[in-house]
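Colleague: I am new to this structure and would like to learn how to read it, feature by feature. Could you take me through it slowly?

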Protein chains: 2
Amino acid sequence: MSIEELDSLIKKWLYEIKEYLAANKDKVLEVEQKTADNDLVTEMDKFIEERLVSNIREHFPEDKIVGEEGFGDEISSLEGRVWIIDPIDGTLNFVKQQENFAVMLALYDDGIGQLAYVFDVTDNKLYSAIKNKGVSCNGKQLKKPQDLTLSEGLIASSSALMIKNNTSGLKAIAESSLGVRMLGSAGLETLEVVKGNVVAYLASNLKPWDIAPGIVFMKELGLTATDFNGNSLDLLSNNNLLLSTNKAHGEIVDLLKEI
Amino acid sequence: MSIEELDSLIKKWLYEIKEYLAANKDKVLEVEQKTADNDLVTEMDKFIEERLVSNIREHFPEDKIVGEEGFGDEISSLEGRVWIIDPIDGTLNFVKQQENFAVMLALYDDGIGQLAYVFDVTDNKLYSAIKNKGVSCNGKQLKKPQDLTLSEGLIASSSALMIKNNTSGLKAIAESSLGVRMLGSAGLETLEVVKGNVVAYLASNLKPWDIAPGIVFMKELGLTATDFNGNSLDLLSNNNLLLSTNKAHGEIVDLLKEI
């Protein structure tokens with residue numbers, strides 16, 4: 001199967017999930033707390049992950065899978081083909097708003113991103129990337145965002161980082177920028193960087209499935225994806241994530257040293 | 001002209017503006033700073049306000065008009081019919097993102113809201129209210145949001161308030177809620193309360209045109225619109241705005257006393 005054929009197959013899976021979500025949007029969901037009041041999982045998160053895992057297993061039984069809800073494998077290395085799934089990124093938005101969430105999927109091979117998907121399902125916008133072929137939205141190729149500095153742009157961040165842990169370094173980043181936006185979904189905030197709507201997205205303690213598609217998108221668009229120290233991200237553990245334009249990257253890393 | 005006929009006429013004006021924006025979306029805009037780097041005005045703000053003012057003057061030459069960009073009148077009382085216009089709410093988003101902004105309009109009569117409009121133009125969602133007839137989106141009547149407490153919901157706020165002026169009272173509100181969302185447009189954040197996506201929206205130092213439609217929407221949906229002390233809002237001056245569910249209102253006003 002060529003990479004383009006695989007891309008088409010994955011999109012078919014994702015559109016099936018969109019149909020399922022639309023058909024079940026008025027269903028009262030069973031919601032469980034994971035670690036806290038604002039860390040939730042629904043039967044829909046589980047359904048979507050199971051469905052994607054079963055699709056992958058059917059076609060690629062040798063591949064490894066990492067999923068937020070645990071239907072995949074426990075992995076200790078990124079050798080070979082590894083699929084990374086976030087069935088619903090922004091579950092709190094999904095529960096409280098029935099919008100502003102994303103279905104996310106990425107395929108890595110020996111640690112190198114091959115394919116990436118962030119699907120804003122309620123808005124019907126599917127962003128996808130194929131290695132060395134750029135990023136598209138609903139099949140339309142995106143341009144590289146302008147390389148703006150921090151003071152020339154808005155930034156996106158998370159409630160947990162910017163408000164609960166408001167330190168002088170973070171405040172300085174916010175104040176050096178034109179303003180802060182918070183959407184409550186790492187996937188949708190990654191898309192804000194992809195579209196050039198913000199010059200950076202920063203969030204602390206994200207899981208591999210929160211960041212896997214973003215790394216591929218940034219690479220394809222000539223943007224930067226690192227941790228808060230400017231080092232490479234690690235898909236086997238939690239990460240403080242900084243996605244940004246090249247110009248804003250150094251400025252933000254310098255200011256983050258003050259945290 | 002009946003209120004329903006007037007509502008139809010206003011919607012026709014607003015859709016004409018949408019068409020104009022769509023036809024000119026790739027135009028390079030002349031952007032001017034007003035008071036600061038993040039307080040901008042474009043020729044499009046001016047064009048839209050002029051167009052609305054001219055439509056209103058043509059049909060209702062006796063009415064008074066208050067507009068953000070100054071094409072209306074200087075008023076010192078709310079007697080009679082007063083139109084309040086925000087041609088582009090979220091101008092910074094408009095300039096930096098070409099989305100996530102709103103065209104807003106409201107009609108008051110002797111200080112009582114009669115009609116209100118918040119138009120998310122790029123998303124093609126026109127929210128409108130007629131006094132005593134509820135709120136609709138694209139003609140579909142909205143349900144009243146659930147009366148949730150602060151701890152049961154998300155809140156929306158502004159960068160300026162939550163990050164630059166982060167005080168213990170604001171931090172307590174954020175921490176008592178499930179999380180904070182920031183969209184950068186008072187109009188779109190008002191819609192988050194209207195939809196029940198958040199239990200409250202709070203922002204400091206807003207102008208009459210930022211808050212005029214929201215007051216009407218809240219009244220129609222049985223929600224609360226006050227200043228930070230729980231007092232009535234004043235359409236002749238700047239206000240600290242709190243839109244919220246009834247349950248969250250008292251909780252937030254109590255916490256705001258600590259600012």
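**Two copies and an axis**

Modeller: Chain A is superposed on chain B by a rotation of 180° with 0.0 Å of shift along its axis (RMSD 0.0 Å), the fit being by least squares on the C-alpha atoms of residues with pLDDT of at least 70 in both. The two copies are thus related as by a two-fold rotation axis. In chain A, the C-alpha of Met182(A) is the nearest to that axis, at 2.3 Å. This is a predicted model, in which local features need pLDDT of at least 70 and side-chain atom pairs count only at pLDDT 80 or more, while totals for chains, interfaces and linings use all residues. Residues are numbered from 1 along each chain as its sequence is written, and chains are lettered from A and ligands numbered from 1 in the order in which they are written.

Colleague: How are helix 6 and helix 7 of chain A oriented to each other?

Modeller: Helices (H or I, at least four residues) are DSSP runs, numbered from the N terminus. The axes, which are lines fitted to C-alpha atoms over the stretch in contact, with angles from 0 to 180 degrees between N-to-C directions, come within 9 Å and cross at roughly 5° for helix 6 (residues 186-195) and helix 7 (residues 208-221) of chain A. Helix 6 and helix 7 of chain A are therefore roughly parallel, a term for angles under 35 degrees.

Colleague: Which residues of helix 6 of chain A meet helix 7 of chain A?

Modeller: Contact means C-beta atoms, placed from the backbone, within 7 Å. Ala186(A), Thr190(A) and Val194(A) of helix 6 meet residues of helix 7 that include Pro213(A) and Phe217(A).

Methods
Helix = DSSP H or I, 4+ residues; strand = E, 2+ residues; numbered from the N terminus. Parallel < 35°, antiparallel > 145°, perpendicular 65-115°, else oblique. Contact = placed C-beta atoms within 7 Å.
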